[in-house]
Structures are given as C-alpha cells and as structure tokens.
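Student: Could you take me on a close look at one part of this structure, and then show me what lies around it? I am new to this one, so please explain the terms as you go.

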Amino acid sequence: MAGAALDLGVLISGSGTNLGAILAAIEAGRLNARVRVVVSNKADAGGLTRAQNAGVPTKVVSHKDYGSREAFDAELVKVLHDAGAQLIVLAGFMRVVTPVFLEAFRDRVVNIHPALLPAFPGVDAQAQALAYGCKVTGCTVHFVDTGVDTGPIILQEAVPVLEGDDRARLAERLLVTEHALLVRAIDLIAKGRVTVKPSSNGGRRRVSIGADPA
Ligand code: GRF
C-alpha cells in the first residue's frame, strides 16, 4: 500500500463495533491506517476490550472527573496529541465536543451518525426514524463542527426501514452499513481525496471527494 499510514485516535463510549470494523479493515490491509489510541469516557465500554485484543493502547478519561466540558476536552486533546493521532474518529462517542477540542484538530474530527442527516440529529436517531414512520433511513459520516451532528457531510448511505422493525432490529441493520461507510470515509481521507470547501455566500461548508488517482 502506498504512502504513510494515517494515525487515528478513536473515541468511544460503548460496544465499539465501529472501532472493530476499523481494526478489521486495517488488519486485512484494506485501510492504510494505524489506531494509535482508543479513548473511552466510560470504563466499562466493550470497545476497550476490542482495542486491547488488537494490541491498541487504551485510555479511560471520565467526563465525571472534570469540572467543565472544556477541561474534559483539554485532557482528551492531550491524550490524542501524546499518542500522535492525526485524524480523530468519534465512533459511538456520546459526548458533544467543544471548540477546545475542535480547534486542536481543525477539520480532522469525523463522526458516524445513524441517520441521513440533517434528519434526526442527536440521541437515538434510530428511534426517531421509527417514530416518524420513515420507510428509509441510513447513516452519515461527517466532519464535526460545534453543532450537534451539523458538520460537513463526507458520505451517506440509505438503509430501508422494514415492516415489523423495532429499534433493535433497525439499529442492527444500520450498524452493518455504518461499519462499511466509516471505513470508506477514513480510507478516502487517508488517500487525500477529501476536501472541505470554504463556504460561499454565507452557505454551508461542503465536502468534495476527489477522483481516485489509481
Ligand atoms: C452507532 O450506531 C453510532 O452511529 C452511534 O452510536 C453507535 C455506536 O455503536 N453514534 P458501536 O459502539 O460502534 O457499536
């Protein structure tokens, strides 16, 4: 594989199946990246075991130990910088990051969200889509900005809502697509194919995906 591997810092709060997909893609030689550290704000996050099994360093930084979101974020930044992370992946990280975090990694923070943004931002997007009666939902990988799930969109993919779906079944189907989409987005970034265009006329900043040089 050509070029230097992209150094990742992955932030999690839960089971870490998206982290698992990243680790599997790296292991299979499908993603030219290295996970330098996995950080969780919860000591019992299942993703920590996945990381440890893959020989990846882990760190628990509990938000409860900090007096403000900014102080918590400053510690996250320190841990990620110390690990040499270049791109930060929020993979089921259930905290909103502040400008302290975003200024340290400008346009270098991506998030996976289980809905087709701008529909259903925030928590429990799967339940929101079901409650609305959507026939199609999906997932989005986007750069993180100061809003909640509002940053420039990198990739999206639709997933059908099937008759009889409950939250668990829909979430499970979404996760399969999330895993592939997140790996694809990181791969595009690693290959230098993702550019955030400046906004024009006060509009939103948008992502452009460059052609595959291969
Ligand atoms: C995923 O649905 C992700 O989109 C959302 O939280 C869930 C995390 O799942 N933000 P996992 O921890 O990667 O299994």
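Tutor: Let's start at proline 57, which sits in the loop between helix 2 (46-53) and strand 3 (58-60). Helices (H or I, at least four residues) and strands (E, at least two) are DSSP runs, numbered from the N terminus. This is a predicted model, in which local features need pLDDT of at least 70 and side-chain atom pairs count only at pLDDT 80 or more, while totals for chains, interfaces and linings use all residues. Residues are numbered from 1 along each chain as its sequence is written, and side-chain values use heavy atoms, with hydrogens and water left out.

Proline 57 counts as partly exposed because its relative accessibility is 46%; buried means under 20% relative accessible area, exposed over 50%, and partly exposed in between (1.4 Å probe, protein chains only). Leaving aside residues up to four places away in sequence, proline 57 touches Arg36, Val37 and Val38, where contact means heavy atoms within 4.5 Å. Glycine 84 is 27 residues from proline 57 in sequence, and their C-alpha atoms are 12 Å apart in space.

One of those neighbours leads us inward. Val38 is among the residues that touch the most other members of the largest nonpolar core, which has 37 residues; Leu8, Val10 and Ile186 are also among them. A nonpolar core is a set of buried Ala, Val, Leu, Ile, Met, Phe, Trp, Tyr and Cys residues joined through side-chain atoms within 4.5 Å. Helix 6 gives the largest share of this core, seven residues. Leucine 8 has contacts that include Ile22, Arg36, Val37 and Ile186. A separate core of 20 residues includes Val61, Val79, Ala85 and Phe101.

Now back to helix 2, just before our loop in the chain. The axes of helix 1 (residues 17-27) and helix 2 come within 9 Å and cross at roughly 15 degrees. Axes here are lines fitted to C-alpha atoms, for helices over the stretch in contact, with angles from 0 to 180 degrees between N-to-C directions. Helix 1 and helix 2 are therefore roughly parallel, a word used for angles under 35 degrees. Thr17, Leu19, Gly20 and Leu23 of helix 1 make the contact with Gly47, Arg50 and Ala51 of helix 2.

Technical notes. Angles under 35 degrees count as roughly parallel, over 145 as roughly antiparallel, 65 to 115 as roughly perpendicular and the rest as oblique.
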